[in-house]
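Visitor: Hey, I've got a protein model open and no clue where to begin. Can you walk me through it?

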Amino acid sequence: MEKKLEELQQEALEKIGNTNEVDELEKLQVEFLGKNGKVTGVLRSMGNLPPEKRPVIGKFANKVKNKIEKELQTRLQELKVQQEKARLAQEAIDITLPGKKISRGRLHPMQLIINQLEDLFLRMGFAIETGPDVETDYYNFEALNIPQNHPARDMQDTFYVEGDLLLRTHTSPVQIRTMEKQAPPIRIITVGKCYRVDELDATHSPVFHQLEGLVIDHGISFSHLKGVLIAVTREIFGEERDVRFRPSYFPFTEPSAEVDVSCFKCQGEGCSLCSRTGWLEILGAGMVNPRVLEMSGIDAEKYTGFAFGMGLDRMAMYKYQIEDIRHLWDNDLRFLKQF
Ligand code: DAH
């Protein structure tokens with residue numbers, strides 16, 4: 001029996017030494033020391049021995065058991081250390097390698113202009129309104145005093161969606177939406193996309209951006225309009241800019257004006273940017289037509305107001321001297337990185 005135990009010990013130690021897996025070790029533990037394990041089996045058969053032999057063999061068997069147990073533990077520790085080392089080796093980071101370059105995004109030139117203008121108008125006490133890109137005929141035309149068959153509809157070639165719906169041709173419908181839901185005093189701007197059937201070329205795009213303003217209160221006059229527009233042009237194009245108002249026509253304003261800013265490139269001398277005129281056209285404006293006020297439920301006897309609408313793509317082109325509107329929307333990083 002002693003011999004048998006010695007053989008088992010020998011076998012166990014060999015197997016333990018050859019194992020490289022933690023779960024293999026667990027299997028060996030069961031194989032030798034488990035309830036039905038080999039060593040346990042020998043111990044159990046001790047009952048067959050003559051009584052005087054039992055303590056001796058019992059002692060020896062325990063020694064064998066402890067020895068195997070100890071070897072299992074030692075090997076387990078070794079394997080754990082090995083595994084940890086392998087894991088660390090695999091995860092090792094070479095901190096001397098050059099880092100990955102993180103390229104930072106930046107704001108689009110259109111967004112830069114929008115931010116700058118919104119900031120200015122907020123400082124002047126304006127609120128920012130929004131309206132839908134898909135409009136109804138009523139808000140885009142009718143309520144702005146552009147009835148069916150009015151020749152002014154031809155000024156804005158329209159994308160029709162279906163029935164009464166269309167893509168707004170300007171941001172002016174937001175004026176109407178604001179007047180319908182809010183009583184004067186009103187002092188708002190809105191910024192957004194507008195759509196017109198236009199061939200895409202260096203100066204035209206079927207999708208473009210406008211900033212629209214509306215002020216309505218007691219005693220609002222044309223000089224208030226002038227003051228605001230002068231502040232806007234100086235903010236965007238610099239303090240030395242002059243502003244010029246030319247009489248014009250819009251159905252929703254009376255009187256109406258188109259506003260030019262003195263060319264910042266040639267200081268008004270005349271150059272290619274301003275087509276030798278010394279002036280750059282930037283917006284349309286006027287005193288809100290009393291008919292428009294009345295249609296939106298505002299008493300035109302009590303209130304007056306002014307409104308304006310500017311093309312932001314054109315503003316961006318002037319300000320950053322971009323000669324082709326398509327550059328703005330080509331998503332060419334070489335272009336966008338300049339801002
Ligand atoms: N809606 C006009 C356009 O797109 C621009 C405009 C002119 C807006 C005069 C106004 C305004 O608010 O008063 O051409």
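Guide: Sure, one term to start with: a residue is buried under 20% relative accessible area, exposed over 50%, and partly exposed in between (1.4 Å probe, protein chains only). E7, for example, is partly exposed at a relative accessible area of 46%. This is a predicted model, where local features need pLDDT of at least 70 and side-chain atom pairs count only at pLDDT 80 or more, while totals for chains, interfaces and linings use all residues. Residues are numbered from 1 along each chain as its sequence is written, and side-chain values use heavy atoms, leaving out hydrogens and water.

Visitor: Okay. What does E7 form a salt bridge with?

Guide: With K3, and the closest N and O atoms are 3.6 Å apart. A salt bridge here is a side-chain nitrogen of Lys or Arg within 4 Å of a carboxyl oxygen of Asp or Glu. E7 and K3 are 4 residues apart in helix 1 (residues 2-18), so about one helical turn separates them. K3 counts as exposed, at 60% relative accessibility.

Visitor: What counts as a helix, by the way?

Guide: Helices (H or I, at least four residues) and strands (E, at least two) are DSSP runs, numbered from the N terminus.

Visitor: Got it. What about E11, which residue does that one form a salt bridge with?

Guide: E11 pairs with K38, with the closest N and O atoms 3.0 Å apart. E11 sits in helix 1 and K38 in helix 3 (residues 38-44), so this pair ties together parts that are 27 residues apart in sequence. E11 is partly exposed at 28%, and K38 is partly exposed too, at 34%.

Visitor: How many salt bridges does the structure hold?

Guide: There are 22. Another of the pairs is E71 with K67, where the closest N and O atoms are 4.0 Å apart. Those two are 4 residues apart in helix 4, so they are about one helical turn from each other. E71 is partly exposed at 29% relative accessibility, and K67 is partly exposed at 38%. Elsewhere, salt bridges that share partners join R244, R246, E258, D260 and E281 into one network.

Visitor: Changing topic: which residues make the negative patch on the surface?

Guide: D154, D157, D198 and E199. Patches are made of residues with over 30% relative accessible area and no salt bridge, joining like charges within 9 Å and nonpolar side chains (Val, Leu, Ile, Met, Phe, Trp, Tyr) within 5 Å. D157 is in the loop between helix 6 (137-140) and strand 3 (160-162), and D157 is partly exposed at 46%.

Visitor: And which ones form the positive patch?

Guide: K101, R104, R106 and K337. Lys and Arg count as positive and Asp and Glu as negative, while His and the chain ends are not counted. R104 lies in the loop between helix 4 (54-91) and helix 5 (109-123), and R104 is exposed at 74% relative accessibility.

Visitor: What about a nonpolar patch, which residues make that?

Guide: V134, V161 and L165 make one of about 210 Å². Accessible areas come from the Shrake-Rupley method with a 1.4 Å probe, and for residues only the protein chains shown count as cover. L165 is in strand 4 (residues 165-167) and is partly exposed at 31%.

Visitor: Now the backbone. Where are the cis peptide bonds?

Guide: One joins P184 and P185, with omega about 0°. P185 is in the loop between helix 7 (173-181) and strand 5 (186-195). The bond from E254 to P255 is also cis, with omega near 0°, and P255 is found in strand 8 (residues 253-262).

Visitor: Why would I bother flagging those?

Guide: Because most peptide bonds are trans, and most residues other than glycine have a negative phi.

Visitor: So which residue takes a positive phi just after helix 10?

Guide: Q321, with a phi of about 50°. Q321 lies in the loop between helix 10 and helix 11 (326-329) and is partly exposed at 39%. N331 has a positive phi as well, near 55°. N331 is in the loop between helix 11 and helix 12 (333-336), and N331 counts as exposed at 57%.

Visitor: And which residues in helix 10 are buried?

Guide: In helix 10 (residues 312-320), they are L312, D313, M315, A316, M317 and Y318.

Visitor: Last one: how far apart are the centres of domain 1 and domain 2?

Guide: Their C-alpha centres lie 89 Å apart. Domain 1 covers 2-91 and domain 2 covers 109-336, with bounds from an automatic or database domain assignment.

Note on methods. The place of a charge is taken as NZ of Lys, CZ of Arg, CG of Asp or CD of Glu.
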